[in-house]
Amino acid sequence: MRLASDNIAKTSKKVNLMAKSTDIQLPTTIELEKSVQLFKSFGDQTRYKILFLLTERSLSVNEIAETIGISQSAISHQLKLLRQTGLVRGIRSGQKVNYQLSDRHIVTIFEQVREHVSEKNTNYNN
C-alpha cells in the first residue's frame, strides 16, 4: 500500500528534475556571437576550401589562389574574414606572408566533420 508521503516524495523528485532542466545556462551574448561567426566562416565554400588546405600546411595567398582557382584578391578578402574570426593567422617572413590555422581545435573540427559526413547513415538532401 502506498503512503501519501511516497507520492509526495515522487512528486517532489519530478519537480526537482524539472527544475534542474531549467538550470541549463545558455551561452552569453558574446559567446553566441563568436560561435555564430565561427559557423558562418565554415558555411562558405571558398572559406571552407581555404581552411581545408590549411589543415595540411601553411600556405601563401598565391598558393591558395592557385590551388582553389580564384583570384588572389578574392582569397585575401576571405583570409581577412578568417583572421577576424580567429581561425587563421598570417606569419610574415620578409615580404611573404604564409597563413596557417590558429590552433589545433580547427583541425579537430574538420576531422569531426569528415567523420560525420562519411558515416553510412548520414543522409543529405541536395
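1. Start with the lining of the largest pocket in this predicted model: its residues split into five nonpolar, one polar and no charged. By name, the lining consists of Phe 39, Phe 42, Gln 45, Tyr 48, Ile 109 and Val 113. The polar one is Gln 45, because Phe, Tyr, Ile and Val count as nonpolar while Gln does not.

2. Three elements each give two or more residues to that lining, namely α2 (29–42), α3 (45–56) and α6 (104–118). If you're thinking about volume, the largest pocket holds about 170 Å³ of space.

3. Now the aromatics. Phe 42, Tyr 48, Phe 52 and Phe 110 form a cluster through ring pairs. Phe 42 and Tyr 48 also turn up in the lining of the largest pocket, so have a look at both together. Over the whole structure, the search gives four aromatic pairs.

4. On the overall fold, the protein chain has six helices and three strands. Going along the sequence, their order is α-α-α-β-α-α-β-β-α.

5. How much of the protein chain is buried? Of its 126 residues, 21% are. As for the surface, the protein chain exposes about 9900 Å², with 53% of that coming from carbon and sulfur atoms.

6. One last number, on contact range. Take the contacts in the protein chain between residues at least 6 apart in sequence: 48% of them join residues at least 24 apart.

Key:
Residues are numbered from 1 along each chain as its sequence is written. This is a predicted model: local features need pLDDT of at least 70, side-chain atom pairs count only at pLDDT 80 or more; totals for chains, interfaces and linings use all residues. Side-chain values use heavy atoms; hydrogens and water are left out. On a 1 Å grid over the protein atoms alone, a cavity is a set of points where a 1.4 Å probe fits but cannot get out, and a pocket is an open set with protein on both sides within 12 Å along at least five of seven lines; lining residues have an atom within 4 Å of a point. Grid points are joined across faces, edges and corners, and a volume is the space filled by probe spheres set on the points. Helices (H or I, at least four residues) and strands (E, at least two) are DSSP runs, numbered from the N terminus. Buried means under 20% relative accessible area, exposed over 50%, partly exposed in between (1.4 Å probe, protein chains only). Contact means heavy atoms within 4.5 Å. Accessible areas come from the Shrake-Rupley method with a 1.4 Å probe; for residues, only the protein chains shown count as cover. Rings of Phe, Tyr and Trp (its six-membered ring) pair if their centres lie within 6.5 Å; planes under 30 degrees apart count as stacked, over 60 as edge-to-face and the rest as tilted.
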